[in-house]
Amino acid sequence: MLDIQTLRNDLDGVAARLATRGFVLDKEKFAQLEAERKNIQSRTQELQARRNSSSKLIGQAKAKGEDVSAIMAQVATLGDDLKQAEVQLGVVQNALQALLEMIPNSPHGSVPFGKSEADNLEVRKVGNIPKFDFAVKDHVDLGEKLGLDFDTATKISGARFSLLKGGLARLHRALAQFMLDTHTEQHGYTETYVPYLVNAESMRGTGQLPKFEEDLFKVPRQTIFDGGSTSFDGKTTTFNDNLYLIPTAEVPVTNMVRDEIVPLEDLPMKFVAHTPCFRSEAGSYGRDTRGMIRQHQFDKVELVQMVHPDTSYAALEQLLVHAETILQKLGLPYRVVKLCTGDMGFSSALTYDIEVWLPAQNTYREISSCSNFEAFQARRMQARFRNAQGKPELLHTLNGSGLAVGRTLVAVLENYQQADGSVVVPDVLRPYMGGKEILAP
RNA sequence: GGAGAGGUGGCAGAGUGGUCGAAUGUACCUGACUCGAAAUCAGGCGUAGCGUUUACGCUACCGUGGGUUCGAAUCCCACCCUCUCCGCCA
């Protein structure tokens, strides 16, 4: 969520920034809601002030045993006006809030302008692309012999699920363990184990709700109403008790600081979590249907930082290096791209993607996304720290994949394949594989 | 699933219809005392919004949402959460 003060002070400037990422801010609507809000709020508060002072007089008069009927009659005339004003104010404020929650983050000044991923900026290429003197296979063909079983997964669950057996399942686990150990032992992250089902408030905090509900798996609870309303005593109340499967560990981990004021000395906070991620992939029909590139369920090791606003961009560079380190240790070639304005995620101010080389596709594919959200998520979450002056201030949040485990598995298979269909286990993973050096059919 | 207790400021903890935005303690900040520190004394110390934007004034917030009332932390209803005991369970 953007700062409403900034919108009030510089509506045109904000709209221009947002336009670079293809978002059209409805300036007229905002201005109109703001004018209404101002008007109704002043009026409401004035009525409330009159009611409060009269009520206070009644209390004082009663204490002295005086007659209060005159004041009572006077204050009674406020009733309907005040109630109506309060209702109107609530309506306008809800509308403003709803508008604000649908506005994406404003891109950082250094983000290149562009419309799509074609306009992203390559920052660096690292590692040597392997040469093969035989026809390379993709991970599906390689995996078939090694324990990758889509047919059974489809029977059990459906499309976009996968099942691993034997050495491949162990390699998958080894990758996650290796990533966790590297980040905790060498990069200073605290390992966390977090819930995979979270409430709507958490999804709102990191920006998945209200705009991207269709991308999530929702888990309704029995006897609970679907965000709708129910009536009792002739009154109406709304409930929303749904839980959602996390699309990334970013959600539970970042929300650890929701509604908290953390001491200055606790910053920066650095957490790493290995979790499954669940995505409905609505709207991606037909894309990446082959293999385990795009799944409803995949594992990811996620890095999350909560930092002082002054240091968030330095922290992003570090976080990016932490993620790159995994690829370097695995000996996988990759490149880093800075996303252009049109390709960034809703909540991000600046995003680097790391793309790993996939020989069978003869191209780089996204394996990590590292973003600085500045105060965008913190404002939604009311996640603050106590600054040097002792005042609460919004902190900055960042996260990045370190890395997506399933796609890393794909990259290892394809880059370490041999002519006979076996796959060499990268050195750093062997301790996690019981010393095994080769995965053979 | 059943029974009970409870959710108040950074923390602890009072407050059952009216000078309560909230006592007191503690933590923190400032000053005094001290060579300095501790102890002691005095003062200050929640968040957000609105209007003038310095001084100030007003409004909202005591788990959440409704209701009763001229007036609600306090009364009523619903929901959420925490704790204790019983049952079931990995």
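Two strands count as paired here if DSSP finds at least two bridges between them, and that idea is handy for following the hairpin made by β12 and β13. The model is a predicted one, so everything below is read from computed coordinates.

Let's start with that hairpin. Strands β12 and β13 are linked by a turn of four residues, and in this turn Asn362 has a positive phi of about 55°. The two strands run antiparallel and are held in register by nine bridges. One of the pairs to look for is Leu350, whose bridge partner in β13 is Asn372.Strand β12 (residues 350-358) is also a good place to think about burial. Nine of the nine residues of β12 are buried, so the rest of the structure largely encloses this strand. In a regular strand, side chains alternate between the two faces of the sheet. That pattern can be followed here residue by residue: Leu350, Tyr352, Ile354, Val356 and Leu358 point one way from β12, while Thr351, Asp353, Glu355 and Trp357 point the other way. Both sets are buried.

On its other pairing, β12 runs antiparallel to β11, and five bridges join the two. Two of the partnerships are easy to pick out on screen: Val336 is matched with Ile354 of β12, and Tyr334 is matched with Val356 of β12. Strand β11 (residues 334-338) is mostly covered too, with four of its five residues buried. Strand β11 also pairs with β1 (residues 121-126), again antiparallel and again through five bridges. Here Leu121 has Lys338 of β11 as its bridge partner.

Now for the whole sheet. Eight strands make up an open sheet, in the order β1-β11-β12-β13-β16-β10-β9-β2, and the pairing is mixed. Which strands stand at the edges? They are β1 and β2 (190-192), and each has a single partner strand, so one side of each is left without a neighbour in the sheet. On average, neighbouring strands of this sheet are turned by 25° against each other, direction ignored.

Further along the order, β10 (residues 297-307) and β16 (residues 396-404) run antiparallel and are joined by seven bridges. Within this pair, Gln305 stands opposite Leu398 of β16.

Two helices pack on the sheet. Helix α11 (residues 312-330) touches β1, β9 (269-278), β10, β11, β12, β13 (363-372) and β16, and its direction makes about 10° with that of β16. Helix α13 touches β10, β12, β13 and β16, and its direction makes about 35° with that of β16. How many residues of α13 (residues 405-415) are buried? The count is eleven of eleven. Among them are Val405, Leu409, Val410, Val412 and Leu413, but also Arg407, Glu414 and Asn415.

One residue in the sheet is worth a closer look. Phe278 sits in strand β9. Is Phe278 buried or exposed? Its relative accessible area is 13%, and the cut-off for buried is under 20%, so Phe278 counts as buried. Leaving aside neighbours within four places in sequence, Phe278 is in contact with Phe217, Leu245, Ile246, Pro247, His296 and Gln297. The C-alpha atoms of Phe278 and Asp299 are 8.9 Å apart, although 21 residues separate the two along the chain.

That leaves the RNA. There are 24 residues around RNA strand B, and Arg8, Lys38, Gln41, Gln48 and Ser55 come nearest. Of the atoms of RNA strand B that come within 4 Å of the protein, 76% belong to sugar and phosphate. Where does the protein surface near the RNA come from? Helices α1 (4-9), α3 (27-64) and α4 (69-76) each supply at least two of its residues, and α3 gives the largest share, with twelve residues. By type, the residues of this surface split into ten charged, seven polar and seven nonpolar.

A few polar contacts show how different parts of the RNA are reached. An N or O atom in the side chain of Asn52 is 3.2 Å from a phosphate oxygen of RNA strand B. For Lys62, an N or O atom of the side chain is 3.1 Å from a base oxygen. For Arg384, an N or O atom of the side chain is 3.4 Å from a sugar or linking oxygen.

How values were computed: Residues are numbered from 1 along each chain as its sequence is written. Chains are lettered from A and ligands numbered from 1 in the order in which they are written. This is a predicted model: local features need pLDDT of at least 70, side-chain atom pairs count only at pLDDT 80 or more; totals for chains, interfaces and linings use all residues. Side-chain values use heavy atoms; hydrogens and water are left out. A residue is near a molecule or strand if one of its heavy atoms lies within 4 Å of it. A polar contact is a pair of N or O atoms within 3.5 Å; within protein, one must be able to donate a hydrogen and the other to accept it, and residues adjacent in sequence count only if both atoms are side-chain atoms. Ala, Val, Leu, Ile, Met, Phe, Trp, Tyr, Cys and Pro count as nonpolar, Asp, Glu, Lys and Arg as charged, and the others, Gly among them, as polar. Buried means under 20% relative accessible area, exposed over 50%, partly exposed in between (1.4 Å probe, protein chains only). Axes are lines fitted to C-alpha atoms, for helices over the stretch in contact, and angles run from 0 to 180 degrees between N-to-C directions. Contact means heavy atoms within 4.5 Å.
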